[in-house]
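Biologist: Could we go through this model together? I should like to begin with what you count as a contact.

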Amino acid sequence: GNGRTGRILVNRGLLEAGLAPVVIPFERRAVYLSMLADGDAEGLADMFRALSHDEEERIAVFAEAAQK
């Protein structure tokens with residue numbers, strides 16, 4: 001559907017910017033959908049930056065564990 005397509009495009013933009021892709025956690029889905037409905041581009045950008053940062057940290061933990 002359109003939601004999946006939109007998230008693919010967002011993740012493509014994040015990857016092109018050198019940032020980690022994101023998954024919207026279930027517990028933040030309502031906030032995400034509300035920001036979409038309100039057209040809150042700034043709020044969405046902040047959310048995606050924070051989620052991308054969290055994912056980068058998670059990837060780093062996995063990479064460190066894999067080297068042990």
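Modeller: A contact here means heavy atoms within 4.5 Å. Please keep in mind that this is a predicted model.

Biologist: Then what is L14 in contact with, leaving aside its neighbours within four places in sequence?

Modeller: L14 is in contact with L19, A20, P21 and V22. L14 itself is placed in helix α1.

Biologist: Is L14 buried or exposed?

Modeller: L14 has 9% relative accessibility, so it counts as buried, the cut-off being under 20%.

Biologist: Let me step back. What secondary structure does the protein chain have?

Modeller: The protein chain has three helices and zero strands. Along the sequence the pattern reads α-α-α.

Biologist: And what box do the C-alpha atoms fill?

Modeller: Taken along the principal axes, the box is roughly 45 × 25 × 25 Å.

Biologist: What percentage of the residues is buried?

Modeller: Of the 68 residues in the protein chain, 19% are buried.

Biologist: What about contacts between residues 24 or more positions apart?

Modeller: Such pairs account for 49% of the contacts in the protein chain with a separation of 6 or more. As for individual pairs distant in sequence, L14 and S52 are 38 residues apart along the chain, and their C-alpha atoms are separated by 8.0 Å.

Biologist: Where is S52, then?

Modeller: S52 lies in helix α3. Its relative accessible area is 1%, so S52 is buried.

Biologist: Which residues does S52 contact, apart from its neighbours within four places in sequence?

Modeller: S52 is in contact with L19, A20 and V22.

Biologist: A20 has come up before. Where is A20 found?

Modeller: A20 is in the loop between α1 and α2. With a relative accessible area of 7%, A20 is buried.

Biologist: What else does A20 touch, not counting residues up to four places away in sequence?

Modeller: Besides L14 and S52, A20 touches E55, E56 and I59. One may also look at A20 and E57: they are 37 residues apart in sequence, with a C-alpha to C-alpha distance of 9.6 Å.

Biologist: On to the interior. Which residues form the largest nonpolar core?

Modeller: The largest nonpolar core has nine residues, namely L14, V22, I24, Y32, M35, L44, M47, F48 and L51. Helices α2 (29–38) and α3 (41–66) each supply at least two residues of this core.

Biologist: Which helix gives the most to this core?

Modeller: That is α3, with four residues.

Biologist: How many aromatic pairs turn up in the whole structure?

Modeller: The search finds one aromatic pair. The rings are those of Y32 and F48, with centres 6.2 Å apart and planes at 65°.

Biologist: Why is the pair called edge-to-face?

Modeller: The planes of Y32 and F48 stand at 65°, and planes over 60 degrees apart count as edge-to-face.

Biologist: Which parts does the pair tie together?

Modeller: Y32 lies in helix α2 and F48 in helix α3, so the pair ties together parts that are 16 residues apart in sequence.

Biologist: Are the two residues buried or exposed?

Modeller: Y32 counts as buried, at 7% relative accessibility. F48 is buried too, with a relative accessible area of 10%.

Biologist: Staying with F48, what is it in contact with, leaving aside neighbours within four places in sequence?

Modeller: F48 is in contact with V10, V22, I24 and Y32.

Biologist: Changing topic: how many cavities of 30 Å³ or more are counted?

Modeller: The count comes to one cavity, and the volume of the largest is about 30 Å³.

Biologist: Which residues line the largest cavity?

Modeller: The lining consists of R7, V10, N11, V22, I24 and F48. Helix α1 (residues 2–16) provides the largest share of this lining, three residues.

Biologist: How does the lining divide into nonpolar, polar and charged residues?

Modeller: Four of the lining residues are nonpolar, one is polar and one is charged.

Biologist: N11 is in that lining. Is N11 buried or exposed?

Modeller: N11 counts as buried, at 15% relative accessibility. N11 lies in helix α1.

Biologist: And what does N11 touch, not counting residues up to four places away in sequence?

Modeller: N11 touches P21 and V22.

Conventions:
Residues numbered from 1 in each chain as written. Predicted model: local features only at pLDDT ≥ 70, side-chain atom pairs only at ≥ 80, totals over all residues. Heavy atoms only, no water. 1 Å grid on protein atoms, 1.4 Å probe; cavity = no way out; pocket = protein on both sides within 12 Å on 5 of 7 lines; lining within 4 Å. Points joined across faces, edges and corners; volume = space filled by probe spheres on them. Nonpolar A, V, L, I, M, F, W, Y, C, P; charged D, E, K, R; others polar. Core = buried A, V, L, I, M, F, W, Y, C linked by side-chain atoms within 4.5 Å. Buried < 20%, exposed > 50% of the residue type's maximum accessible area, 1.4 Å probe, protein only. Phe/Tyr/Trp six-rings, centres within 6.5 Å; stacked < 30°, edge-to-face > 60°.
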